[in-house]
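Hello,

Here is the structure we talked about handing over. My notes come after it.

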Amino acid sequence: MSSDASSKKMGLVGLTVLVAVNMMGSGIIMLPASLAQVGTISLLSWVITAAGAMCIAYTFAKCGAFCKRSGGMSAYSEEAHGKSSFFISSYTYYVCLVISCVAIAVSAVGYIKPFMPWLNTPVHTFYGVVAILVVTMVANFGGPKITGQISSFTVWGIILPVLGLSVIGWWWFDPQTFMAAWNPHHDTTMHSVSSGIALTLWAFLGIESAGANSDAVENPERNVPLAVLFGTGFAAVVYILSTTVIQGIIPNAELAQSTAPFGLVFSEMFNPTVGNVVTLAAVIACIGSLLGWQFTNAQVSKAAADEGLFPKIFAKTNKAGAPIMGMLIMLAAELALAVMTISPNLVNQFNALLNLAVFVNMVPYILSMTGLEVMLRKNKVSPAQYRLGATVGTLGVIYSIYGVYACGAEAVFGGTILTLFGYIFYGFIAARDVKPEADVKAKA
């Protein structure tokens with residue numbers, strides 16, 4: 001490789017920043033209110049999730065380095081489990097992103113409420129969620145270039161306040177406020193920590209994309225895993241600091257009822273005007289994040305359709321490269337889910353969607369991470385590399401299984417039903433590839 005070509009590639013520091021920024025989207029903005037229902041003991045959940053997320057991130061980085069086929073997690077899972085797992089991974093990831101998009105829209109509505117108090121009723125909240133989903137989906141019709149430009153700018157609307165709070169918020173931090181909220185429901189430590197696991201894991205969803213930039217990186221075999229670990233570690237530190245400091249500023253009962261916790265804490269620290277600015281920035285970040293995730297999901301379904309595993313309608317694109325028909329089908333699914341999860345309490349609606357999304361997403365996570373050992377064998381790595389990859393990958397899978405347990409019985413039940421429907425769909429797809437026995441004998 002020429003030195004000129006190498007100089008245009010991204011180094012370790014640049015990739016580390018990219019990984020951290022990609023992870024720190026809108027997933028954090030409602031979490032302080034959700035975690036307040038568990039108590040400040042959720043700090044232990046963050047520590048466990050940070051360790052688990054590091055294992056998952058490293059495993060995906062190694063999978064991306066060894067598997068050069070398109071398809072991401074679906075391709076990784078096929079290495080160990082065959083063609084049906086490519087479909088199930090694509091299908092469950094698609095379902096997870098549909099759920100996540102509705103959850104992000106709910107977050108956005110929560111942050112809009114201070115400006116539009118009439119959104120307080122469940123019906124009006126539903127109208128707000130629908131409006132945001134429709135507007136962001138239509139905006140995606142312009143293709144990936146426009147979506148990418150908007151998302152890369154708007155994401156800073158939440159990253160900057162969260163980073164700022166992590167640094168300066170300690171001037172307002174009250175240890176007594178924090179300790180008073182340690183375990184408000186007086187549950188066992190194990191139960192409380194498990195209750196916070198699914199919530200904290202939600203903040204790291206998207207970690208699977210961390211190793212997707214290897215072609216544009218200098219010395220990818222070394223730099224990609226390191227950047228993934230450093231970037232994930234940095235995001236974990238910011239998550240832990242920001243949620244801890246907010247729990248030491250806002251009393252727990254007030255925080256648990258807030259639909260815009262970061263706006264609330266900046267109002268407390270400074271004044272309502274600053275709080276409103278942060279709230280508005282968070283709304284913009286949510287909309288930008290929603291744009292990106294909806295387009296990502298449309299591309300997931302398009303890739304599966306190109307492989308013959310989703311209906312062909314998902315592969316049709318307009319002149320701008322946007323798979324519009326697939327987007328409209330996804331929008332219909334999002335609106336149906338928004339109807340089914342209407343709740344008088346917006347935080348409860350968000351938590352229900354979050355738990356369901358985390359469970360469904362653990363299906364492709366577990367399937368794909370178990371493909372690493374096959375890839376390590378195929379690539380004839382050294383015994384030391386194999387042991388390291390297999391050990392970290394197994395820890396990532398075990399943590400993911402714990403994440404499934406932490407989602408609760410209702411989310412596991414609903415998510416299992418959704419996953420099993422995928423096997424019905426795959427039955428029809430698999431049948432298309434079977435050639436009648438008479439045709440096989442004729443060719444023989």
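The notes below go through salt bridges, cysteines, some buried polar residues and a surface patch.

Please keep in mind that this is a predicted model.

Salt bridges. The count comes to two. One of them joins the side chains of Glu79 and Lys378, with N and O 2.7 Å apart. Glu79 sits in helix H5 (residues 73-81) and Lys378 in helix H18 (residues 372-378), so this pair ties together parts that are 299 residues apart in sequence. The two partners differ in their surroundings: Glu79 is buried, at 18% relative accessible area, while Lys378 is exposed, at 56%. The other salt bridge is between Asp306 and Lys302, where the closest N and O atoms are 3.1 Å apart. That one is local, as Asp306 and Lys302 both belong to helix H15 and are four residues apart, about one turn of the helix.

Cysteines. How many disulfides does the structure hold? The number is zero. Take Cys96: the closest cysteine sulfur to its own is that of Cys101, at 9.2 Å, and this is too far for a bond, because a disulfide needs the two sulfur atoms within 2.5 Å. Cys407 is in no disulfide either, and the nearest cysteine sulfur to it, that of Cys96, is 10 Å away. Cys96 is buried, with a relative accessibility of 2%, and Cys407 is also buried, at 6%.

Gln294. This residue is in helix H15 (residues 272-306), the helix that also holds Asp306 and Lys302. Is Gln294 buried or exposed? Gln294 counts as buried, because its relative accessibility is 0% and the limit for buried is under 20%. Its side chain has a polar partner, with a polar contact of 3.0 Å to the side chain of Glu334. Setting aside residues up to four places away in sequence, Gln294 touches Cys101, Leu133, Thr136, Met137, Asn140, Met330 and Glu334. Cys101 in that list is the residue whose sulfur is closest to that of Cys96.

Two serines. Ser45 is placed in helix H4 (residues 42-66) and is buried at 0% relative accessibility. Which residues does Ser45 touch, not counting those up to four places away in sequence? They are Ser192, Val193, Gly196, Ile197 and Thr200. For a distance along the chain, Ser45 and Ser194 are 149 residues apart in sequence, yet their C-alpha atoms are 7.1 Å apart in space.

Ser258 lies in a loop, between helix H13 (252-257) and helix H14 (261-269). Ser258 is buried too, at 10% relative accessibility. A polar atom of the Ser258 side chain lies 3.1 Å from the backbone nitrogen of Ala260. Apart from neighbours within four places in sequence, Ser258 is in contact with Ala33, Leu264 and Val347.

Surface patch. Phe413, Ile417, Phe421, Ile424, Phe425 and Phe428 make a nonpolar surface patch of about 650 Å². Phe413 is in helix H20 (residues 409-432). Its relative accessible area is 59%, so Phe413 counts as exposed, the limit being over 50%.

Regards

Key
Residues are numbered from 1 along each chain as its sequence is written. This is a predicted model: local features need pLDDT of at least 70, side-chain atom pairs count only at pLDDT 80 or more; totals for chains, interfaces and linings use all residues. Side-chain values use heavy atoms; hydrogens and water are left out. Patches are made of residues with over 30% relative accessible area and no salt bridge: like charges are joined within 9 Å, nonpolar side chains (Val, Leu, Ile, Met, Phe, Trp, Tyr) within 5 Å. Accessible areas come from the Shrake-Rupley method with a 1.4 Å probe; for residues, only the protein chains shown count as cover. A salt bridge is a side-chain nitrogen of Lys or Arg within 4 Å of a carboxyl oxygen of Asp or Glu. Buried means under 20% relative accessible area, exposed over 50%, partly exposed in between (1.4 Å probe, protein chains only). A polar contact is a pair of N or O atoms within 3.5 Å; within protein, one must be able to donate a hydrogen and the other to accept it, and residues adjacent in sequence count only if both atoms are side-chain atoms. Contact means heavy atoms within 4.5 Å.
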